[in-house]
Amino acid sequence: MRQLRPGEKCRYMFCRQNHVQLRIQALCVNDAAQLCGDTGSGPKADGRWMDEQVFFRKLSGLSTSKEIFKFLGSLEVMSDVMASGALQRISEVEVDDDGLKNPEEVLESDVFKALCFQFEFEASKLSNAGLLNALQALIKLRIDPESTLMASLLSESEERLATRQLAVEHQCSLAESLLELEGPGCATLEQIVNCIQEEDIENWTPKEMTMVYKMLQATVREGEQYHDLLNRMNSATLAIADQLSPNFTSIILNSLVVLQQTRAVPLVIALCKHSVKHVPYFTDDELVNVLDAFLCFGHREQSFTDALETHVPKSISSMHPETVSKVMQYCCQKTILSKPIFDAVAECFISDGDRFTTSQIAECIAPFGTLNYLPPSASSLFRKLETVLHTRFSQFQPHTLLNLLHSCVLIQRYPVNFLPKIFSPYFLQHLQAQPPGLDRFVASQLTRLFLTVTLECPFYEGPKLLPKYQVKAFLTPHCSLDFHLLKRVKAGLLYLLKKRIYFASEVSTPYFYIVDIEIKLDEEGFVLPAAQCEEVHKRIALCVDGQNRFCINSHNLLGEEAIKRRHLQLLGYKVVQVPFFEIESLHTSRKMAEYLHKKIFPHTYGLGC
């Protein structure tokens with residue numbers, strides 16, 4: 001910004017009334033800015049004052065600095081809050097990620113220079129709101145922090161902070177400005193937080209509470225640093241949780257995540273429940289914050305999922321890809337198979353998939369495999385995915401690509417055109433070089449891809465996965481064995497088969513899978529001892545499936561369990577599923593034995609054998 005020189009004329013002057021006002025009035029070359037002290041003949045009295053609500057309503061409808069300056073030029077009088085609001089609106093319409101779009105048009109405007117002149121030389125007479133709003137706006141407009149204008153506003157702000165003239169809201173505004181200018185290492189920030197700790201938190205408004213959370217999120221590196229303050233705030237916020245707007249709810253949840261407030265469980269639950277009614281009104285960014293909180297704190301709220309199921313299909317066409325991918329990440333991590341959401345996301349990707357980044361694509365598509373679901377538009381969905389992979393293959397990060405392709409084979413969508421690249425030494429080296437490298441989980445995904453093409457794609461003739469990259473047994477942390485359920489099934493088998501030698505549990509196979517319970521039969525169908533290796537004609541694999549192997553509130557198997565059954569069948573096993581929902585009412589070994597007899601040996605059930 002070019003500074004005003006002493007000889008330049010200013011077309012505005014302050015008029016000191018009950019509060020500072022800016023009077024627009026043409027001055028002669030030798031005129032100077034001066035204060036008018038007569039309140040009886042002020043601009044409000046003679047009808048030249050525009051109501052602030054009317055002013056801001058008109059201001060919000062202006063979309064260029066030229067329009068804003070023309071509007072300001074039509075006014076004779078405005079308050080400092082109105083003037084600072086005008087600067088904020090200019091920053092909103094003229095600043096983007098690259099900075100000021102039209103610097104000459106803004107900074108060389110007579111109106112802009114006059115406003116800055118008055119803010120600089122009348123800083124001590126500004127209201128707190130006018131002072132701090134102007135400071136924020138000028139920072140956004142990239143005004144030189146070393147300029148006399150900025151120095152004047154900062155000096156006045158810090159003086160008012162030191163003399164305790166700033167309310168909580170204004171202290172937070174000052175903190176935001178200092179963060180922009182100097183970063184979290186600014187010494188004044190600690191002074192602000194110390195002042196806030198002495199405030200009566202229980203009497204804060206929802207707006208003040210939200211502003212302090214947001215400030216702490218940006219200034220406090222570790223939540224433990226202000227443990228007592230955060231505990232007091234968390235308790236006070238719990239009492240007003242049902243009064244929070246969608247924006248305030250989102251900001252506070254995001255702050256709790258960033259500040260790692262894992263012990264604020266009652267507040268998190270209250271805010272998550274309260275967020276249900278706001279789902280249709282959240283902006284994209286707000287919804288992402290709320291979903292992040294659900295993911296971070298591990299909370300699940302069925303009514304929230306219900307609200308998403310209603311909202312997402314109706315609004316997905318206007319949602320940002322990041323929001324869509326976050327919704328799918330939420331469903332995937334919570335194992336929520338919401339067909340309305342998944343179907344809508346599939347249609348969205350088919351029609352608009354080119355808008356998504358590679359990581360967003362993986363986050364949207366992988367849940368279909370993880371939760372073992374093919375939407376009605378599956379053929380179109382995977383044609384679109386194949387097209388995207390062909391055109392953008394090199395843009396995918398190695399781990400993102402592997403996760404995406406692995407999820408496809410779970411639901412029998414085979415990426416054979418891309419596997420030669422996946423199994424190539426070049427790709428594997430890149431995979432190993434990037435965190436988390438080739439850990440056991442990643443090696444399990446590679447091995448499952450290899451086993452899938454071996455068993456299900458016999459026509460594949462490309463490179464194979466070298467043995468050194470293969471695991472001995474698949475890692476399936478989300479589908480671990482329910483040992484309580486296993487114990488009950490084993491008791492029923494013992495009742496049925498009479499001796500423990502006729503079945504084995506947690507049996508490792510040469511094919512990377514671990515069978516929950518294995519029973520061996522000879523050619524005539526008689527049960528053999530589990531340790532016997534000769535004369536084995538058939539192997540029976542009992543899959544003892546607890547709730548964690550299914551989508552939540554569903555009988556739909558997860559993808560990793562579905563492919564396990566498919567592969568075991570292709571490897572010659574007779575697969576018998578023993579799901580929790582079929583045996584939870586069987587409370588005795590005898591009833592369990594009857595159930596297992598019917599499931600394992602249906603041809604002899606009821607014959608008294």
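In this predicted model, helix α16 passes helix α17 in a left-handed crossing. The two helices pack at an angle of about 145°, and their axes lie 11 Å apart. On the α16 side the residues involved are Val324, Val327, Met328 and Cys331, which meet Ile341, Phe342 and Val345 in α17. By class, this contact consists of seven nonpolar residues, with no polar and no charged ones.

Helix α16, residues 321-333, also contains Thr323. Thr323 has a relative accessibility of 1% and therefore counts as buried, the cut-off being under 20%. Apart from neighbours within four places in sequence, Thr323 is in contact with Asp284, Leu287 and Val288.

A further helix pair is formed by α18 and α19. Their crossing is likewise described by its hand, which is left-handed. The contact draws on Thr358, Ile361, Ile365 and Phe368 of α18, together with Leu381, Phe382, Leu385, Val388 and Arg392 of α19. Sorted by class, the contact of α18 with α19 has seven nonpolar residues, one polar and one charged. The pair packs at an angle of about 150°, with axes 12 Å apart; α18 and α19 are therefore roughly antiparallel to each other, since angles over 145 degrees are placed in that class. The spacing of the contact residues may be read against a general property of helices. An α-helix has 3.6 residues a turn, so residues three or four places apart point the same way.

Helices α8 and α10 can be described by their length and by what covers them. Helix α8, residues 168-182, has 15 residues and reaches 21 Å from its first C-alpha to its last, close to the 21 Å expected at 1.5 Å a residue. For α10, the 14 residues should span 20 Å at 1.5 Å a residue, and the end C-alpha atoms are 20 Å apart, which agrees.

The buried residues of α8 include Val168, His170, Gln171, Cys172 and Leu179. Among the elements covering the buried residues of α8 are α6 (128-140), α7 (148-162), α9 (187-197) and α10 (206-219). After α8 comes Gly183, with a positive phi near 85°.

In α10, the buried residues include Glu208, Met209, Tyr213, Leu216 and Thr219. They pack against α8, α9, α11 (227-240), α12 (246-258) and α13 (265-275).

The remaining features concern backbone geometry in loops. Most residues other than glycine have a negative phi, and most peptide bonds are trans. Two residues with a positive phi are set out below.

| Residue | Phi | Loop | Relative accessibility |
|---|---|---|---|
| Asn372 | near 60° | between α18 and α19 | 22% |
| Gln412 | near 60° | between α20 (398-410) and α21 (419-422) | 41% |

Asn372 counts as partly exposed at its relative accessibility of 22%. Gln412, at 41%, also counts as partly exposed. The loop that holds Asn372 joins the account of the pair described above, as it runs between α18 and α19.

A cis peptide bond is found between Pro435 and Pro436, with omega about 0°. Pro436 is located in the loop between α22 (425-433) and α23 (440-456).

Definitions and conventions
Residues numbered from 1 in each chain as written. Predicted model: local features only at pLDDT ≥ 70, side-chain atom pairs only at ≥ 80, totals over all residues. Heavy atoms only, no water. Axes fitted to C-alpha atoms, helices over the stretch in contact; angles between N-to-C directions. Helix = DSSP H or I, 4+ residues; strand = E, 2+ residues; numbered from the N terminus. Parallel < 35°, antiparallel > 145°, perpendicular 65-115°, else oblique. Left-handed = near helix turned anticlockwise from the far one by under 90°. Contact = heavy atoms within 4.5 Å. Nonpolar A, V, L, I, M, F, W, Y, C, P; charged D, E, K, R; others polar. Expected span 1.5 Å × (residues − 1). Buried < 20%, exposed > 50% of the residue type's maximum accessible area, 1.4 Å probe, protein only.
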